[in-house]
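Let's take a walk through this model, starting at the nucleic acid and ending where the protein chains meet. Have the structure open as you read.

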2 protein chains.
Amino acid sequence: METIGQIIRNKREHLGLLLRQLAASLDIDPAILSKIERNERKPNKELILKLAEILELDKEELLAQYISDKIAYDIAEEDCADRVLKLAEKKVQYIKTHSVKS
Amino acid sequence: METIGQIIRNKREHLGLLLRQLAASLDIDPAILSKIERNERKPNKELILKLAEILELDKEELLAQYISDKIAYDIAEEDCADRVLKLAEKKVQYIKTHSVKS
DNA sequence: TATATATTTGACAAATAATGTCAAGACAAT
DNA sequence: ATTGTCTTGACATTATTTGTCAAATATATA
């Protein structure tokens, strides 16, 4: 299973970009990008969208990977992870059907 | 659909406890508990476990409600919520099967 | 080996978010 | 009006996230 960091690093290298070059495009310090690619630090949503743009990756897909990573990390340690995900699904449905459409 | 706050308030009132009494048992300010019961502030895991203990609620169940609340809140705004949950499920499986058993 | 370039690491600062404290306000019952 | 309960909001404290930087490490090549 490929991590977010691996996806980013693979794509960057495939495009022949240096870490500092991509970092410059993203307007962040190369040290941060290095840590993100090694999954030592988590990118935020804004950065994910920028990355998808620059690396020509599907925005929705990368975002889904990013959010699911966060969730998996949150609940992996719990032994009720399956139940949690089922409940979350229900709640999302509920929120969607009951929220005010803008 | 019952929220965490509602579950707590219902049970507290059913047990005939005043807000300040339960707050004292939990060793928190009544203002905080008031906000938690109205879902204005989120309890943390430690508090959830204390609450389950004192209110005689199932620990696993309350914890599952609490975590799924957090997740649903995180992803409800995304329009790829379903995909995110499916991915999270896979990742949890992966983490579980690949993590070192203590 | 020496030099240049790229990445990693860790210490630290700054910004942001979570949590705790408190007093005044609102509400209901008597 | 007084008492008791809960709510609200301003503020302080603490924790977490995010950003900055320079030194250390790694890699390649003359």
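What follows goes through the DNA strands in turn and then the protein interface.

A little bookkeeping before we start. This is a predicted model, so to speak: local features need pLDDT of at least 70 and side-chain atom pairs count only at pLDDT 80 or more, while totals for chains, interfaces and linings use all residues. Residues are numbered from 1 along each chain as its sequence is written, chains are lettered from A and ligands numbered from 1 in the order in which they are written, and side-chain values use heavy atoms, with hydrogens and water left out.

Start with DNA strand C, which has 15 residues around it (a residue is near a strand if one of its heavy atoms lies within 4 Å of it). The closest are Arg9(A), Leu18(A), Arg20(A), Ser34(A) and Arg38(A). Of the strand C atoms that come within 4 Å of the protein, 58% are sugar and phosphate. By class, this surface splits into five nonpolar, two polar and eight charged residues. Here Ala, Val, Leu, Ile, Met, Phe, Trp, Tyr, Cys and Pro count as nonpolar, Asp, Glu, Lys and Arg as charged, and the others, Gly among them, as polar.

Which parts of the fold supply the surface near DNA strand C? Helix 1 (4-14), helix 2 (19-26) and helix 3 of chain A, along with helix 3 of chain B, each give at least two residues. Helices here are DSSP runs (H or I, at least four residues), numbered from the N terminus. Helix 3 of chain A has the largest share, with three residues.

Now zoom in on the side chains. An N or O atom of Arg20(A) sits 2.7 Å from a phosphate oxygen of DNA strand C, and for Arg12(A) the distance to a phosphate oxygen is 3.4 Å. Lys35(A) goes for a base instead: an N or O atom in its side chain is 3.1 Å from a base oxygen of strand C.

Over on DNA strand D, there are again 15 residues around the strand, with Arg41(A), Arg9(B), Arg20(B), Ser34(B) and Arg38(B) coming nearest. Sugar or phosphate makes up 58% of the strand D atoms within 4 Å of the protein, and bases make up the rest. The classes here are five nonpolar, two polar and eight charged residues. Helix 3 (30-37) of chain A and helices 1 (4-14), 2 (19-26) and 3 (30-37) of chain B each supply at least two residues, and helix 3 of chain B has the largest share, three residues. Look for the arginines at the phosphates: polar side-chain atoms lie 2.5 Å from a phosphate oxygen for Arg20(B) and 2.8 Å for Arg9(B), while an N or O atom of the Arg12(B) side chain is 3.4 Å from one.

Finally, turn to the protein interface. In contact (heavy atoms within 4.5 Å) are 34 residues of chain B and 34 residues of chain A. The two chains bury about 3200 Å² between them, 65% of it on carbon and sulfur atoms; buried area is the accessible area (1.4 Å probe) that two parts lose on being put together, summed over both. The rule finds six salt bridges across this interface, each a side-chain nitrogen of Lys or Arg within 4 Å of a carboxyl oxygen of Asp or Glu. One to look up is Lys45(B) with Glu78(A), whose closest N and O atoms are 2.8 Å apart. On chain B's side, helix 5 (59-75) and helix 6 (81-98) are the elements giving two or more residues, and helix 6 has the largest share, 15 residues. That side divides into 17 nonpolar, three polar and 14 charged residues.

Methods:
Polar contact = N/O pair within 3.5 Å; in protein donor to acceptor, adjacent residues only side chain to side chain.
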